[in-house]
Amino acid sequence: MGRLILEHTLQGHKGRIWGVAWHPKGNSFASCGEDKAIRIWSLSGNTWSTKTILSDGHKRTIREVRWSPCGEYLASASFDATTAIWSKHECNATLEGHENEVKSVSWSRSGGLLATCSRDKSVWIWEVAGDDEFECAAVLNAHTQDVKRVVWHPKLEILASASYDNTIKMFAESALDSDWDCTATLSSHTSTVWSIDFDADGDRLVSCSDDATLKIWRAYHPGNDAGIATPDKTTVWKCVCTIAGQHSRAIYDVSWCKQTGLIASACGDDGIRIFKETSDSKRDEPTFEPLTTEESAHEQDVNAVEWNPVTAGQLISCSDDGTIKIWKLIE
Amino acid sequence: MPTEIENLNPSVYGKIKEREKTANDEDETIVDPFDKREIFDLIRNINDPEHPLTLEELHVVQEELITISDKQNNVHVNFTPTIPHCSMATLIGLSIRVKLLRSLPPRFKVSVEITPGTHASELAVNKQLADKERVAAALENKHLAEVINQCISSRS
């Protein structure tokens, strides 16, 4: 059994905090919420404090913030239908096009592509054309409902999206006509899929849902030795594990640690849970066990969790209760 | 707001009496957990968006369709649209939800759902009302927020 030790509780935002994102160097992070402000926090001595507040970019709730892989740029997705790109505390560009709330934004591994999604059911892919220039490369209308989250594959230019239509979809650029196509639809959840995250290699994906389960999906490529058919020589994603009975309400976020392989979940029952793959887990039928549960991690719904990309075992969370917490996992 | 009223002649019911005050109510040393009646009192005077009547008078909300567990911080409210195709169902549910979110301590998890079998789009409406992200975005819409505020402000 492990244990989560609360290291810091941070206050500053007014009201609900929707998102937190570690800087790629792991020594600072950004947060956002219904107060329409972005805060950038860093550690000096033993205290985390707000170094910068970016407050003039959005007119409504900021739902998510994400750093570019180089750490130079920050993207913010807002209910005001725009996505803002920030550099050195200035808003460099505002991406317009979605009809209503932008729910999520994600940078590709190279930093050359950006994806956004919205309640307007579409996923947009943007090409970074210059320092503050972004060109729309594709508008993908594959989902039938609100799209909640977009996340790029950690190594390839493959995009995953999660939706209110209960599915996850994969998108890739076709080698033939360089159009972006939906290459897979992952169906198994029985309600909204709130969030998704790849493992370190990108061969597996974890998803969390309003149906109070986590699911693990595996990619089966053409010619795979498990004998899984891959029609049209396209990679097939299969649900290989469902973690049910652990959460009592909707699960709003999930983070798969690229260093330790541990999975953390943020739940509407105020809890944070950590799952570990068992030592006898099988490739095509993996098994996960709860390592620890922090039942009242926050006083209200936990909206986001993210593992520190550099400091293994350090976890950040934020909540409707208006606080950000930094945790250390002791195994 | 719609130009045509969908249900012209809804059935109208009476109101319950005010809760009687007891000596214990005045005693600050007595722990007084939330009960059904208290939740009902919070929502029964919400105005119907179409009629000059309260949700209680239309039997859209009823005390027996409320469940509460003060210890487990759960409040569940079922509401019954007056007709199965009522286009106002989402707005009514949103008003109930907002009223409870604004009135109750934040420790409570509030769920608001249509009474099973009483609306054609029951599941779709329930899913929308349960999605806190959509509810948050809806409340940032000025027009919608005004309509909801009108519903939950008491007329008296």
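Which strand does I330(A) lie in? Keep that question in mind while we look around, and remember that what you have in front of you is a predicted model.

Let's start with chain A as a whole. Its secondary structure comes to 0 helices and 28 strands. The radius of gyration is 19 Å, close to the 20 Å that the globule rule gives for 331 residues, so chain A is as compact as a globular protein of that length. If you put a box around its C-alpha atoms along the principal axes, that box is roughly 55 × 50 × 30 Å. Half the chain is tucked away, in the sense that buried residues make up 50% of the 331. Then there are the contacts with a separation of 6 or more: in chain A, 49% of them join residues 24 or more positions apart.

Now for the annotation. An unreviewed UniProt entry marks "repeat: WD" on several stretches of chain A, including residues 55-87 and 295-331. Take residues 55-87 of chain A: this stretch is 0% helix and 52% strand, and its end C-alpha atoms sit 14 Å apart. Residues 295-331 of chain A come out at 0% helix and 54% strand, with 17 Å between the end C-alpha atoms.

Back to that opening question. I330(A) belongs to strand β28 of chain A, which runs over residues 323-330. Is I330(A) buried or exposed? It is exposed, because just 11 other C-beta atoms lie within 10 Å, and a residue with 12 or fewer counts as exposed. Leaving aside residues up to four places away in sequence, I330(A) touches G2(A), R3(A) and I5(A). You can also look across to Q314(A), 16 residues away along the chain: its C-alpha atom and that of I330(A) are separated by 9.6 Å.

Chain B is next. Where the two chains meet, 7 residues of chain B are in contact with 9 residues of chain A. The chain B side of that meeting has 3 nonpolar and 4 charged residues, and no polar ones.

Within chain B, have a look at two helices, α3 (residues 89-103) and α4 (residues 122-130). They pack at an angle of about 35°, and their axes are 10 Å apart. The crossing of α3(B) past α4(B) is right-handed. On the α3(B) side, the contact is made by A89(B), T90(B), G93(B), L94(B) and R97(B), while α4(B) brings in V125(B), Q128(B) and L129(B). Sorted by class, the residues of this contact are 4 nonpolar, 3 polar and 1 charged.

Notes: Residues are numbered from 1 along each chain as its sequence is written. Chains are lettered from A and ligands numbered from 1 in the order in which they are written. This is a predicted model: local features need pLDDT of at least 70, side-chain atom pairs count only at pLDDT 80 or more; totals for chains, interfaces and linings use all residues. Ala, Val, Leu, Ile, Met, Phe, Trp, Tyr, Cys and Pro count as nonpolar, Asp, Glu, Lys and Arg as charged, and the others, Gly among them, as polar. Axes are lines fitted to C-alpha atoms, for helices over the stretch in contact, and angles run from 0 to 180 degrees between N-to-C directions. Helices (H or I, at least four residues) and strands (E, at least two) are DSSP runs, numbered from the N terminus. A crossing is left-handed if the near helix is turned anticlockwise from the far one by less than a right angle, and right-handed if clockwise. A residue is buried if 20 or more other C-beta atoms lie within 10 Å of its own, exposed if 12 or fewer, and partly exposed in between; C-beta atoms are placed from the backbone. UniProt positions are given in the numbering used here, feature names are shortened, and annotations may be inferred rather than shown by experiment. The radius of gyration is taken over C-alpha atoms; the globule rule is 2.2 Å times the number of residues to the power 0.38.
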